[in-house]
Amino acid sequence: MIIVLRPDATESQIKHIVERVKKLGLKPMISKGTERTIIGVIGEEDVIRVQPLEVFPGVEKVMPILKPYKLVSRDFKRENTIVNIDKNIRIGGKRIVIMAGPCSVESKKTLSKAARAVKRSGAVVLRGGAFKPRTSPYSFQGLGEEGLKILAEVKKETGLLIVTELMDTKDVKLVEKYADIIQIGARNMQNFNLLKAVGQIRKPVLLKRGMSSTIKEFLMSAEYILSEGNFNVILCERGIRTFEDYTRFTLDVNAIPAIKNLSHLPVIVDPSHATGKWGLVPAAAKAAVAAGCDGLLVEVHPNPEEALSDGSQSLIPEKFNDMMKEVRKVAEAVGREI
Ligand code: PEP
Ligand code: MN
């Protein structure tokens, strides 16, 4: 349920309503918009019948949110959410944010090389997994904390911000220390304990769509994070499983405008995992930008042949640079900038 306040509602009226909501055993979540404040109320709503909230001064109307996701929904917050990564980098505004780098952190040398190259082409966030969720237990599992330290060194060297994956609740503090954005991978989209854990911190979270998850399930997972109090969530479409097996996954371009309609959260796209083939990545990236995404997450490796993971979908720096030139043109055509 949402309580829509009158535009002239005072702070003390808001405080009073919040206290009443809490007394009823419900959880109030305040969203201050440019025009008016909305209070989202989470919990068993039947109690409202006994205590109608319309009567409180400052309340304009009380409306049910019929969708299963509440805080994530556009009904709760009409304006786009802009996630501030640092004072210069914000996701969800006019600027499309480019995140790029290797699939895994492999060594200081390769990461540094990739970082300097992607920065030259316009990336502002460096990607690289230290904890890798691999299909096979015999594949490279990532460097762990050593990988995080390498990310920190390269961040210092280049000024790029860091997005890196968290796989286990026991590592929240560790990854939080090194990451500017914590990635929750597709395979963990419904790891509810992990979602709750990142909900309890305030670090931005990049939540990737599960490869077999519907848009509704994806939004319900985001709801777990917001319901714990962390509103700094970026959604990432990364391709879904279909009958088509020529590509690794199928980029669900529809999901971009659909999620933007349903939710106020920013949506970014990973064209690398969505296609699995480096030659298809630029076209998928351009389609994503044309469809209205707020950012891209792209795998770039200085020497894909030697990559310890996902070499076949990794662009060499030159190809990434060429792609960025085209992506910029598409961004401009749809009224965005990079
Ligand atoms: C990744 O970004 O390297 C990754 C493992 O992605 P996903 O979780 O989307 O498969
Ligand atoms: Mn990868």
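## Ligand 1 and the manganese site

The shell around ligand 1 has two nonpolar, three polar and seven charged residues, where Asp, Glu, Lys and Arg count as charged. This is a predicted model, in which local features need pLDDT of at least 70 and side-chain atom pairs count only at pLDDT 80 or more. Residues are numbered from 1 along each chain as its sequence is written, and side-chain values use heavy atoms, without hydrogens and water.

Among the residues around ligand 1 (a heavy atom within 4 Å) are Cys103, Glu165, Gln183, His273 and Glu299. The table gives polar contacts, pairs of N or O atoms within 3.5 Å.

| Side chain | Distance to an oxygen atom of ligand 1 |
|---|---|
| Lys132 | 2.9 Å |
| Lys208 | 2.9 Å |
| Arg238 | 2.7 Å |

On its own, ligand 1 has 300 Å² of accessible area, and the protein covers 97% of this (Shrake-Rupley method, 1.4 Å probe).

The manganese ion (ligand 2) has four protein donors, Cys103 (SG), His273 (NE2), Glu299 (OE) and Asp310 (OD), at 2.1 to 2.4 Å; donors are N, O and S atoms within 2.8 Å of the metal, or 3.2 Å for Na, K and Ca. Along the chain their spacing is C-x169-H-x25-E-x10-D. Cys103, in the loop between strand E7 (97-101) and helix H3 (108-120), and His273, in helix H9 (residues 271-275), are 170 residues apart. Helices (at least four residues) and strands (at least two) are DSSP runs.

Technical notes
Chains lettered and ligands numbered in written order. Polar contact = N/O pair within 3.5 Å; in protein donor to acceptor, adjacent residues only side chain to side chain.
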